[in-house]
Amino acid sequence: MPTRGRSKAGLTAALGEFAERQTVRLLENFKSAFIGRDHEGVHDLRVDAKRLRAYVRLIERIDPDFDAAEVFKPVRRLFRAAGALRDARVQIGLLAGAAAPGLSTERLGEWINELKDREMKARRLFEADAKTFNPGALTRLKSRAARSLGKMTEARVAARAEQMLQIQLERLRDPSSMNRLGDRELHEIRIRSKEARYTLEMIDRRGGRPGARAGLDARLRSVHQALGRWHDRQVAMDGLIRFLRHGITGPVCHRDAYEAYLGLLREFRRRFGPAE
């Protein structure tokens, strides 16, 4: 019995199916976020946009004549507008009921009220961009990608896609990236691990995953989710500090997530790094 959700066809057909499915999902969550004003819809819309971004970058790797940035531009604008809206909502959720050394409940409440005002402004900006979004941009994206794939042999598509995945994994395995893990570096690793996971998903959707990569998807997911939790808490802490205009003693609550992320990254490199 065929595995549900996976194509037995070649990678070219599987990539076409991925694009069709992903654009449908993006439109559904766009309606939920825009018309339904649903917070989860905003989050899901951004996840769909990230998957679609990974898709167009993969197509560009397969066919250098394909302009990923150009075809993704309308989605990118929507993605960025939704990001400001989600950031405000996440910070409100994290700080509600929280406590920080030397900070009164009243002062924290002032910041949460400020965040609510920012959320309302971000909602208005998101809706303004949403009103100008043309779903036809997704149709053009799919058709241009299909033309690019149609020029290539199945062997070239598969080889270039696998090459893309290995490049993304090598960037995660690079020991030099462990020398300094500041906010910018951690944010970049989060993006890289997520995009590598989406690339793996597209490549392996056409059939069963090779045994050597059986746990890779789960490990990549663990890495970017742990770092995502760290990032959300870091953003909340930085925003609160800026609001207070002076330092506070200790982090709001990002240390545990940070340590969990480091452990997952070391385990990832131990299991999937090159053999010594």
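A salt bridge, for this talk, is a side-chain nitrogen of Lys or Arg within 4 Å of a carboxyl oxygen of Asp or Glu. By that rule, this structure has 16 salt bridges. Keep in mind that what we are looking at is a predicted model.

I will go through some of the pairs, then move to the pockets.

Start with Lys-142 and Glu-20. Their closest N and O atoms are 2.9 Å apart, and they form a salt bridge. Lys-142 sits in helix 5, residues 136-150, and Glu-20 sits in helix 1, residues 11-34, so this pair ties together parts that are 122 residues apart in sequence. As for the surroundings of Glu-20, its relative accessible area is 39%, which makes it partly exposed.

The next pair is Asp-129 with Arg-77, a salt bridge at 3.0 Å from N to O. Here too, distant parts of the chain are linked: Asp-129 belongs to helix 4, residues 105-132, and Arg-77 to helix 3, residues 68-95, with their positions 52 residues apart. Is Asp-129 buried or exposed? Asp-129 is buried, since its relative accessible area is 17% and the cut-off for buried is under 20%.

Now a pair within one helix. Arg-118 and Glu-114 meet in a salt bridge at 3.2 Å, N to O. Both residues lie in helix 4, and they are 4 residues apart, about one turn of the helix. Arg-118 is partly exposed at 42% relative accessible area, and Glu-114 is partly exposed at 28%. There is also a network: Arg-37, Arg-123 and Glu-127 are joined through salt bridges that share partners.

Which charged residue is buried yet has no salt bridge? Arg-46 is one. The nearest side chain of opposite charge belongs to Asp-87, and it is 5.8 Å away. That distance is beyond the 4 Å limit, so the two do not count as a salt bridge. Arg-46 lies in helix 2, residues 39-62. Leaving aside residues up to four places away in sequence, Arg-46 touches Phe-79, Ala-82, Gly-83 and Arg-86.

Arg-46 takes us to the pockets. The largest pocket holds about 990 Å³ of space. It is lined by 35 residues, and those closest to its centre are Arg-46, Lys-50, Phe-79, Arg-190 and Lys-194. Helix 2, helix 3, helix 7 and helix 8 each supply at least two residues of this lining. Which helix gives the most to it? Helix 3 does, with 11 residues. By class, the lining of the largest pocket has 17 charged, 11 nonpolar and 7 polar residues.

The second largest pocket has a volume of about 200 Å³. Its lining includes Arg-53, Arg-57, Gln-168, Arg-171 and Arg-192. Helix 2, helix 6 and helix 7 each supply at least two of the lining residues. In this pocket the lining divides into 6 charged, 3 nonpolar and 1 polar.

One last residue from that second lining is Arg-192. Arg-192 is in helix 7, residues 183-204, and is partly exposed, with a relative accessible area of 24%. Its C-alpha atom is 6.8 Å from that of Gln-168, although the two are 24 residues apart along the chain. Not counting residues up to four places away in sequence, Arg-192 touches Arg-171 and Leu-172.

That is the end of my part.

Note on methods
Residues are numbered from 1 along each chain as its sequence is written. This is a predicted model: local features need pLDDT of at least 70, side-chain atom pairs count only at pLDDT 80 or more; totals for chains, interfaces and linings use all residues. Side-chain values use heavy atoms; hydrogens and water are left out. Buried means under 20% relative accessible area, exposed over 50%, partly exposed in between (1.4 Å probe, protein chains only). Contact means heavy atoms within 4.5 Å. Lys and Arg count as positive and Asp and Glu as negative; His and the chain ends are not counted. On a 1 Å grid over the protein atoms alone, a cavity is a set of points where a 1.4 Å probe fits but cannot get out, and a pocket is an open set with protein on both sides within 12 Å along at least five of seven lines; lining residues have an atom within 4 Å of a point. Grid points are joined across faces, edges and corners, and a volume is the space filled by probe spheres set on the points. Ala, Val, Leu, Ile, Met, Phe, Trp, Tyr, Cys and Pro count as nonpolar, Asp, Glu, Lys and Arg as charged, and the others, Gly among them, as polar.
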